[in-house]
Amino acid sequence: TDTVIVDHPGIKNDNVSTAKDLHLLLLEVAKNDFIKNTSIIKELVLKNGLELRNRNNPLLYRFPEITITKTARTPDAGSGTVLIIEKNQIQRIVIP
């Protein structure tokens, strides 16, 4: 692949990927229920009562069809999101 991951959050400027590799990444994520489910959490209440809201991806609040999402940022492209949408039992990978 052409992907270089320097840090897992994807914040550092040296992270590089291609649309093809992001497509492959989402297909792998789809196999792991924990990662898949964690990627689409909208809100979470911790044991201490603290409420957290997902602010990385506002699309989660607008499109319930999103089944997997990964946000990222690169210096050249800026902020971006890759996601899988499922509607009528058809999955589509979206890389805007």
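The following exchange examines how several features of this predicted model are named and justified.

Colleague: What is the secondary structure of the protein, and in which order do the elements run?

Modeller: The protein has three helices and five strands. Starting at the N terminus, the order is α-α-β-β-α-β-β-β. The C-alpha trace spans about 40 × 35 × 25 Å along its principal axes.

Colleague: What makes Lys31 and Glu28 a salt bridge?

Modeller: The closest N and O atoms of Lys31 and Glu28 are 3.0 Å apart. A salt bridge requires a side-chain nitrogen of Lys or Arg within 4 Å of a carboxyl oxygen of Asp or Glu, so the pair qualifies. In general, side chains of opposite charge can pair when their charged atoms come close.

Colleague: Why is Lys31 called exposed, and why is Glu28 called partly exposed?

Modeller: Lys31 has a relative accessible area of 63%, and exposed means over 50%, so Lys31 is exposed. Glu28 has 48%, which lies between the limits of 20% and 50%, so Glu28 is partly exposed.

Colleague: How many salt bridges does a search of the whole structure find, and how do you know that Arg53 takes part in one?

Modeller: The search finds two salt bridges. Arg53 pairs with Glu43, and their closest N and O atoms are 3.1 Å apart. That value is within 4 Å, so the pair counts as a salt bridge.

Colleague: Which parts of the protein does the pair of Arg53 and Glu43 tie together?

Modeller: Arg53 lies in strand 2, residues 51-53, whereas Glu43 lies in strand 1, residues 43-45, so the pair ties together parts that are ten residues apart in sequence. Arg53 is partly exposed at 47% relative accessibility. Glu43 has a relative accessible area of 52%, which is over 50%, so Glu43 is exposed.

Colleague: Where is Tyr61 found, and what makes Tyr61 partly exposed?

Modeller: Tyr61 is found in helix 3, residues 59-62. Its relative accessibility is 30%, between the limits of 20% and 50%, so Tyr61 counts as partly exposed. Leaving aside neighbours within four places in sequence, Tyr61 is in contact with Lys42, Glu43, Arg53 and Asn54. Both Arg53 and Glu43 of the salt bridge are therefore among the contacts of Tyr61.

Colleague: Which residues make up the largest nonpolar core?

Modeller: The core has five residues: Leu26, Val29, Ile68, Val82 and Ile84. Helix 1 (19-29) and strand 4 (78-87) each supply at least two residues of this core.

Colleague: What makes these residues a nonpolar core?

Modeller: Such a core consists of buried residues of listed kinds, Val, Leu and Ile included, joined through side-chain atoms within 4.5 Å, so membership implies that each of the five is under 20% relative accessible area. Ile68 is in contact with the other members Leu26, Val29, Val82 and Ile84, among residues beyond four places in sequence. Across the protein, 19% of the 96 residues count as buried.

Colleague: Where is Leu22, and why is Leu22 called partly exposed?

Modeller: Leu22 is in helix 1. Its relative accessibility is 22%, and buried means under 20%, so Leu22 counts as partly exposed. Beyond four places in sequence, Leu22 touches Ser17, Val82 and Ile95.

Colleague: How do you know that Asp21 has no salt bridge?

Modeller: Asp21, which is in helix 1, is buried, and the nearest side chain of opposite charge, Lys20, is 6.1 Å away. A salt bridge needs atoms within 4 Å, so Asp21 has none. Not counting residues up to four places away in sequence, Asp21 touches Thr1, Asp2 and Thr3.

Colleague: What is notable about the phi of Asn88 and of Gln89?

Modeller: Most residues other than glycine have a negative phi. Asn88 has a positive phi of about 55° although it is not a glycine. Gln89, likewise not a glycine, has a positive phi of about 60°. Asn88 lies in the loop between strand 4 and strand 5 (90-94), and Gln89 is found in the loop between strand 4 and strand 5.

Colleague: Why are Asn88 and Gln89 called exposed?

Modeller: Asn88 has a relative accessible area of 68%, which is over 50%, so Asn88 is exposed. Gln89 stands at 76%, also over 50%, so Gln89 is exposed.

Definitions and conventions: Residues numbered from 1 in each chain as written. Predicted model: local features only at pLDDT ≥ 70, side-chain atom pairs only at ≥ 80, totals over all residues. Heavy atoms only, no water. Buried < 20%, exposed > 50% of the residue type's maximum accessible area, 1.4 Å probe, protein only. Helix = DSSP H or I, 4+ residues; strand = E, 2+ residues; numbered from the N terminus. Contact = heavy atoms within 4.5 Å. Lys, Arg positive; Asp, Glu negative; His and termini not counted.
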